[in-house]
Amino acid sequence: MSDLSIGLTPWEFSDLSAESLVKQAQFAEKQGYDSIWLPENHFGTNAIPDPLTLLAAVAGGTNTIRLGTTSYLLTLRNPLQAAEQVAVLDQLSKGRLILGVGRGYAPDMLKAYHVPPAQKRRIFSWALEIMKDAWAGKPVTLDDNEENAVVVYPQPFQKPWPPLWVAAFGPKALAQAGKLGLPYLCSPMESLETLRGNFEVHRAEVMAAGLDLPEVVPLMRSVFVSEDQALLKKVKYEIESKTENARLKSDEGAEDWVIIGDPRYVRDRLHQYQEQLGMNYLVATRVRVSGIESKIMEESISLLADISQE
């Protein structure tokens, strides 16, 4: 599977200290992973409100692994400051940032930031255009008053800016990502059948906008690999009890949105995603099952790396 790049999210989210994140990233880097990813979420007990700060810590303790955000929420931020902060991290890491951007979907979160939910796509588009102009070195202003225009420094290490991927759920968000000609970053909790339709919508919108299809076709999936059949059975059982949190249809189950199995099974499933969706970049997210020791998770991560390098 030499044509497949792989990234992953941390597997120890209970400890988001610099020491823990760097240790996990160093392990992933040693195994040959291309990237490590953090989401953004707010107001929960395990909130990650500022993924760029956490990734800055990872940058200082690693050398080659790329640093990704699955959902840097532009609707919540001043686009001038966001452009500066993104550029700082890209410079700090010498061009290792991949910026997955999003709008946010939780109404309570949006309202807390005084973002009208019905306006989130418009605000997202406005913010992204300002940020891209700022990264390109153009004078930018938030109020269309040229007297207030400024040039933002620093500018990103990567030119004209870091790779941009768009997290999207639903037809309107997919259409917006397609019209931008940017890779679509899906939810890890949607079935293969749903994703087939989503990718068709996205590609149709890209072509309708007269743009080239993105070279990168990313896919987020929860993945767990083991040779221990008893352990696999336990993990599958626990995952099945949590499928109400997934975006599934009534006739779909855990196997439609997670990849849990021995190396041969996982390899076959990844081939299926490549053939049916054109996936060439896997972002493996942790399986949300309590009680799995870190050593076992690391074994799974090593096995997945081996599969991708075959």
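**Warm-up**

Which residue just after α6 takes a positive phi? That residue is G181, and its phi is about 70°.

Before going on, note that this is a predicted model, where local features need pLDDT of at least 70, side-chain atom pairs count only at pLDDT 80 or more, and totals for chains, interfaces and linings use all residues. Residues are numbered from 1 along each chain as its sequence is written, and side-chain values use heavy atoms, with hydrogens and water left out.

**Exercise 1: helix α6**

Task: find the buried residues of α6 and say what covers them.

Step 1. Locate α6: this helix takes in residues 170-180. Helices (H or I, at least four residues) and strands (E, at least two) are DSSP runs, numbered from the N terminus.

Step 2. Pick out the buried residues (buried is under 20% relative accessible area, exposed over 50%, partly exposed in between, with a 1.4 Å probe and protein chains only). In α6 these are A173, L174, A175, Q176, A177 and G178.

Step 3. Look at the cover, which includes α5 (120-135), β5 (164-167), β6 (184-185) and α7 (192-208). Contact here means heavy atoms within 4.5 Å.

**Exercise 2: L232 and F224**

Task: work out where L232 sits and what touches L232.

Step 1. Place L232: you'll find this residue in helix α8 (residues 229-240).

Step 2. Check burial: with a relative accessible area of 3%, L232 is buried.

Step 3. List the contacts. Not counting residues up to four places away in sequence, L232 touches F224, S226, I260, G261 and D262. Between L232 and D262 there are 8.0 Å in space, C-alpha to C-alpha, although they are 30 residues apart in sequence.

Step 4. Now turn to F224. Leaving aside its neighbours within four places in sequence, F224 has contacts including L231, L232, V235, I259 and M297.

**Exercise 3: α7 against α9**

Task: describe how α7 and α9 cross and which residues meet.

Step 1. Start with the axes (lines fitted to C-alpha atoms, for helices over the stretch in contact, with angles from 0 to 180 degrees between N-to-C directions). Those of α7 and helix α9 (residues 263-277) come within 10 Å and cross at roughly 35°.

Step 2. Find the residues that meet: α7 brings L192, L195, R196, F199 and R203, while α9 brings Q272, Y273, Q276 and L277.

Step 3. Sort them by type (Ala, Val, Leu, Ile, Met, Phe, Trp, Tyr, Cys and Pro count as nonpolar, Asp, Glu, Lys and Arg as charged, and the others, Gly among them, as polar). You get five nonpolar, two polar and two charged residues.

**Exercise 4: aromatic pairs**

Task: compare the burial of the rings in two aromatic pairs, Y105 with F169 and W165 with Y281.

Step 1. Learn the rule: rings of Phe, Tyr and Trp (its six-membered ring) pair if their centres lie within 6.5 Å; planes under 30 degrees apart count as stacked, over 60 as edge-to-face and the rest as tilted. By this rule the count comes to seven aromatic pairs.

Step 2. Take Y105 and F169: they are edge-to-face, with 5.8 Å centre to centre and 85° between the planes. Y105 is in the loop between β4 (97-102) and α4 (107-112), and F169 is in the loop between β5 and α6, 64 residues apart. Y105 counts as exposed at 57% relative accessibility, and F169 counts as partly exposed at 32%.

Step 3. Take W165 and Y281: this pair is edge-to-face too, at 5.2 Å centre to centre and 80° between the planes. W165 lies in strand β5 and Y281 in strand β9 (residues 281-285), so the pair ties together parts 116 residues apart in sequence. W165 is buried at 3% relative accessibility, and Y281 is buried at 7%.

Step 4. Add W37: together with W165 and Y281, W37 forms one aromatic cluster.
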